[in-house]
Structure formats: C-alpha cells, structure tokens
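Reader: Please choose one part of this model for a close look, and then carry on from there through the rest in one connected account. I would like each term to come with its cut-offs when you use it.

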Amino acid sequence: MKILCVHQGAELYGSDRSFALSVETLRDKYPEATLVVIIPNEGELIPYLEPFVNEIIIQDVGAIQRSDFKLPFSTLIRLCKSSYLAWKRIKHFDVVYMNTIVVFAFMIASIFSTKTIIHHIREIPSKTESYIFSLLFRLNKSFLIFNSQYTKNSFSFLKQGSNNVVLNGVQAFESEEKIKNQSTFNILLIGRINAWKGQTLAIKAIELLASKYPQIRLRIVGSAAEGQEFYVENMLTCIKQLELSKYIEYVSFQNDPKEHFYWSTISVVPSTKPEPFGRVAIESLALGRPVIASNHGGLIEIIKADIGGYLFNAGDENDLAIKISLLIDDEELLRKKSVEAKDCFEKNFSEKVYKKNFNFTFNQILKNNNL
C-alpha cells in the first residue's frame, strides 16, 4: 500500500507536531507501506518525520492566505499549477491523507481522483468558508477526521453522521516533575501572538492580581506570523504602560517548550475566539500542571467539570483573575488539581490513547474501501 501524507507547513507549532504523530502512527500500523510526505518548505519538522517515512517531497500545496486575494489573478495561476502537480502526485498512491484544510491544491486535485481521500480537519471555518469546504469535501468524497466535536459542528453543511472525531494527543514528558514549593507562582501562556490568543487579556488579569499577589509571574511564549510582528510590539508596549515588567516576561517561539512547562505552576489558555482544540492545554496536563482556559471551542472538551483546572468566561479578565486566585490561595487545591490534570491526560490525551483512536478510525476507512 502507498500512502501520501500532505501538510501545510514545516514549523513545530501544534498542527505540525500533531501531523508528525499521525505519520508515526501510520508507520507503526502499516510497517510495510510506502509512506511519502509532502510539505511546502524545509523546516524544523523534517527531523521529526524522517525516521518514519520513505521520502519527503518539498512542493507547493496550494496554501492560500486572505492576503493572497489582493492579487487574485496571480493567485489563481499559482493554484492551477499547484493543483495540476498535486493531481500528478495523487495518482501514484492508494491513499491520500491531508492534514488541515489549508492544502488547497490537493483538495482540488482530489476531486479528479478515484483514490481514497482522508482529510484531518483542525480549523474552524467562517460560515462562507464552511460552505466552500463542505462542497469540496462532497466533490472529492473525502473521509473526514475532526480534532474536536466543536470543529466538526462548525461544518454544519456536512452529513454529520458519517464523520469521525479523534481528540489530539501528545507524548508524555521524559521526566516527571511535581509543582515545587517556590517563591513565585508561575503562569505559562504559550501560543501564536495574534489578535485572539488572549495575551492582552492575560496581561490585564495580571494587572488585577499583582498588588495582592506580588509573587505572581506570567511568561508569554510565542511569535507572530510573518508580517504581523506589530502584535508583539503592541503587547510589549501594553506591558510597559501598565508597569508590569516585573511580573511579565516574553520569550519568542521555541521548538521545544519543555523548559517552560517545567518552570510553570499552572497554564492559561485565554483565547478570545474559540480554539478548534487546544493542544497547549493537554501538554500542560501531561506534566500535571492545572489549566485555566476560556469556556468555548474545543477547550471545553479538555477541561470538563473543573477536573484538572477551570474554565472561565471567555474574554473576561476579571473571571480569569478570580480563577487564578483560587489556586494561589489554596495550596491543597493546587495539589489536587495537579493530580487531576495528570490523570485526565493519561486517560484521554496520551500518545497511546491518540494512536489507538487514530488507528481505529483510519483502519475503518480503509476497510470500507477494501484496502
């Protein structure tokens, strides 16, 4: 069997790491298969893929950003070329596994293919985008895998009964480390610096807490997308204007965030728009770090019934501050939430659980297609 795996990037953000784990899972399940990966550029992801694949091909996958519509003619020409090249690739494989809906050229090319198409969806579309992608999925007869029930529900124009949800999983940390009795209460926020990941909201929550809890510390880790560096500048200006430099530090994106999780007492995921899932939350749970997250999107499928952390009213810095203060004030509660966090990870989001669920879903699709 020949399996083609297509992904939209080569960094080491959440979707990239999830793609690498899916490729590793496919190799474990189908050790004799020819496994080929296509990504659009060189990057840090490649060493994570190399042990499990026969070949890595660098090729335009037809990723389109909103800014591309400013040059519609050149974008259309590029998309036509990349779709034709994608079609030429697809015809040599039995199964095509596409990760994220950004690989637009391969989505279009697969319409003209009789191969088994499996699409792993990790994004929440707008209403218009939902119409467009739902139509494409129907045309190419894709079998769909969603990373959360919320993501699945956002495609309201699909026949929901035939689709599968496989919640993300991550590897456990190499060494265990309990929350230390330390002089500071360390809050970690990891994510892309943009308009909706909630960095400014977290900064405002720290402003509310700093006078009462001088031991509080917030570490923001991440970088802005190319061309959006102003988000970082605005964030740093906000910290300075609120005179919070003593309490808040900023670290640009790093490939391996382990040291930050080890440093942390808890993590926050204060996204102001719904997350499709919330990988950072389960990475925090993996080390037994409680999570305080916005109560919308895929995050509500991770933190349930206040087990392993708390949900707060999305966009409400006052409620976020209140939830943080609960864990600062009560060391016994903090320890309890830490134990819950680790247990929640092991039962629901470990690498073992993900591989089992992904294997089952993938294998069922192949059986339905007599592969």
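Author: A nonpolar patch on the surface is made up of Tyr84, Leu85, Trp87 and Phe112, which together have about 450 Å² of accessible area. Patches are built from residues with over 30% relative accessible area and no salt bridge, where like charges are joined within 9 Å and nonpolar side chains (Val, Leu, Ile, Met, Phe, Trp, Tyr) within 5 Å; the areas come from the Shrake-Rupley method with a 1.4 Å probe, and for residues only the protein chains shown count as cover. This is a predicted model, in which local features need pLDDT of at least 70 and side-chain atom pairs count only at pLDDT 80 or more, while totals for chains, interfaces and linings use all residues. Residues are numbered from 1 along each chain as its sequence is written, and side-chain values use heavy atoms, with hydrogens and water left out.

Within the patch, tyrosine 84 belongs to helix H3 (residues 72-90); helices (H or I, at least four residues) and strands (E, at least two) are DSSP runs, numbered from the N terminus. Tyrosine 84 counts as partly exposed because its relative accessibility is 48%, given that buried means under 20% relative accessible area, exposed over 50% and partly exposed in between (1.4 Å probe, protein chains only).

Isoleucine 118, in strand S5 (residues 116-121), is by contrast buried, at 0% relative accessibility. Leaving aside neighbours within four places in sequence, isoleucine 118 is in contact (heavy atoms within 4.5 Å) with Val95, Val96, Tyr97, Met98, Phe143, Ile145, Phe362, Ile365 and Leu366.

Among the strands, S1 (residues 2-6) and S2 pair in the parallel sense over five bridges, where pairing requires that DSSP finds at least two bridges between two strands. Isoleucine 3 stands opposite leucine 35 in S2, and S2 (residues 34-39) is mostly covered, with five of its six residues buried.

Further along the chain, an open sheet with parallel pairing is formed by six strands in the order S10-S9-S8-S11-S12-S13. Strand S10 (248-251) and strand S13 (309-312) stand at its edges with a single partner strand each, so that one side of each has no neighbour in the sheet. Neighbouring strands of this sheet are turned by 20° against each other on average, direction ignored. S12 (residues 291-294) and S13 pair over four bridges in the parallel sense, with tyrosine 310 in S13 as the bridge partner of isoleucine 292.

Two helices lie across strands of the sheet. Helix H10 (residues 279-286) lies across S8 (185-190), S11 (266-269) and S12, running at about 165° to S12, where axes are lines fitted to C-alpha atoms, for helices over the stretch in contact, and angles run from 0 to 180 degrees between N-to-C directions. Helix H11 (residues 317-329) lies across S8, S9 (216-221), S11, S12 and S13, and runs at about 165° to S13. Lysine 337, in helix H12 (residues 331-348), is buried at 5% relative accessibility and, not counting residues up to four places away in sequence, touches Pro290, Asp306, Ile307, Gly308, Gly309, Tyr310 and Leu327.

Charged pairs complete the account. Side chains of opposite charge can pair when their charged atoms come close. A salt bridge is a side-chain nitrogen of Lys or Arg within 4 Å of a carboxyl oxygen of Asp or Glu, and by this rule the count comes to 14. In one of them, lysine 355 and glutamate 24 bring their closest N and O atoms to 3.0 Å apart, and this pair links distant parts of the chain, with lysine 355 in helix H13 (residues 351-368) and glutamate 24 in helix H1 (residues 14-29), 331 residues apart. At 15% relative accessibility, lysine 355 counts as buried, and glutamate 24 is likewise buried at 15%. Lysine 197 and glutamate 275 form another salt bridge (2.8 Å, N to O), in which lysine 197 in the loop between S8 and helix H7 (199-209) is linked to glutamate 275 in the loop between S11 and H10, 78 residues apart; both lysine 197 and glutamate 275 are buried. Arginine 335 and glutamate 331 also meet in a salt bridge (3.9 Å, N to O), and both lie in H12, four residues apart, about one turn of the helix. Here arginine 335 is partly exposed at 44% relative accessibility, whereas glutamate 331 is exposed, with a relative accessible area of 51%. Finally, salt bridges that share partners join Glu24, Asp28 and Lys355 into one network.
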